[in-house]
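Open your viewer, keep the selection panel handy, and follow along stop by stop.

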Amino acid sequence: MASARHVADRHRGTVVGMNPDPRRRARAMTWNDLRKGRASLPGNAYHITTVTRNRTPYFAALDNGRKLVRELMALQAEGRCETLCYVAMPDHLHWLMALRAGTLADAVRLLKGRSARAISRAIWQPNYFDHAARSEEDLRTMARYIGANPLRTGLVERIGDYPLWEAIWLDETLSL
């Protein structure tokens, strides 16, 4: 019996599902196909991961990272979302947010578009990954994971030394 695992084809942006019937060819699904039927609900919290185009380390330049952070805060000031935690790694962003208005796709689209304009170049790959949090405990676990990224990758020895991160649970996150 075939498993439900999927294999991502990074070059074409498709996912190929394992088909239980070997006589039938598996249909390649795009990332947008996977989003069909998904609902984003105001009030729900989501962990978003999005990657820069060709994994270029745009945010290794502190000025670019600050421009991204300004756009995160602008979305919050507009009432679209509440940023609970983020870390801008050199080539990707982890963002834990609570959606307040509109859709998740709109919030991510606005963040990517505005930050790209602020940096004056197309910096993002077109897609993103999202995971809905199920409980308050999930949020804190996600925040710890997000905050620990610079430590795990060896960019810093103490999280407080990394400039492009924030969490509303600051004291708890620092105890990593």
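Start with Arg 100: this residue counts as partly exposed, because its relative accessibility is 41%, between the 20% limit for buried and the 50% limit for exposed. Keep in mind as you go that this is a predicted model.

Now add Glu 82 to the selection. Glu 82 and Arg 100 form a salt bridge, with 2.6 Å between the closest N and O atoms. Glu 82 sits in strand S5 and Arg 100 in the loop between S6 and H3, so the pair links distant parts of the chain, 18 residues apart. Glu 82 is also partly exposed, at a relative accessible area of 26%.

Next, select Glu 78, Arg 80 and Arg 114. Salt bridges with shared partners join these three into one network. Glu 78 meets Arg 114 at 2.8 Å, N to O, and pairs with Arg 80 at 3.2 Å between the closest N and O atoms. Glu 78 is in the loop between H2 and S5 while Arg 114 is in helix H3, so their bridge ties together parts that are 36 residues apart in sequence. For accessibility, Glu 78 is partly exposed at 43%, and Arg 80 is partly exposed at 29%. If you would like to hunt for others, a search of the whole structure finds seven salt bridges.

Arg 114 leads us to its helix, so select H3, residues 104–119. Its end C-alpha atoms are 23 Å apart, which agrees with the 22 Å that 16 residues should span at 1.5 Å a residue. Which elements do the buried residues of H3 pack against? Show strand S4 (45–51), helix H2 (62–77), strand S6 (92–99) and strand S7 (129–132) to see them. The buried residues of H3 include Leu 104, Ala 107, Leu 111 and Arg 114.

From here, move into the largest nonpolar core, which has 44 residues. Ile 48, Leu 93, Trp 95, Leu 96, Met 97 and Tyr 162 touch the most other members. S4, H2, S5, S6, H3, helix H4 (136–147) and strand S8 (165–167) each supply at least two residues of this core. Pick out Met 97: its contacts include Tyr 46, Ile 48, Leu 84, Leu 104 and Ala 107, and also Glu 82 from our earlier stop.

Finish just past H3. Ser 120 follows the helix and has a positive phi, near 70°. Farther along, Pro 126 lies in the loop between H3 and S7 and is exposed, with a relative accessible area of 69%. For a last distance, try Pro 126 to Thr 52: they are 74 residues apart in sequence and 8.9 Å apart in space, C-alpha to C-alpha.

Terms used. Residues are numbered from 1 along each chain as its sequence is written. This is a predicted model: local features need pLDDT of at least 70, side-chain atom pairs count only at pLDDT 80 or more; totals for chains, interfaces and linings use all residues. Side-chain values use heavy atoms; hydrogens and water are left out. Helices (H or I, at least four residues) and strands (E, at least two) are DSSP runs, numbered from the N terminus. The expected span of a helix is 1.5 Å times one less than its number of residues. Buried means under 20% relative accessible area, exposed over 50%, partly exposed in between (1.4 Å probe, protein chains only). Contact means heavy atoms within 4.5 Å. A nonpolar core is a set of buried Ala, Val, Leu, Ile, Met, Phe, Trp, Tyr and Cys residues joined through side-chain atoms within 4.5 Å. A salt bridge is a side-chain nitrogen of Lys or Arg within 4 Å of a carboxyl oxygen of Asp or Glu. Lists of a residue's contacts leave out its neighbours within four places in sequence.
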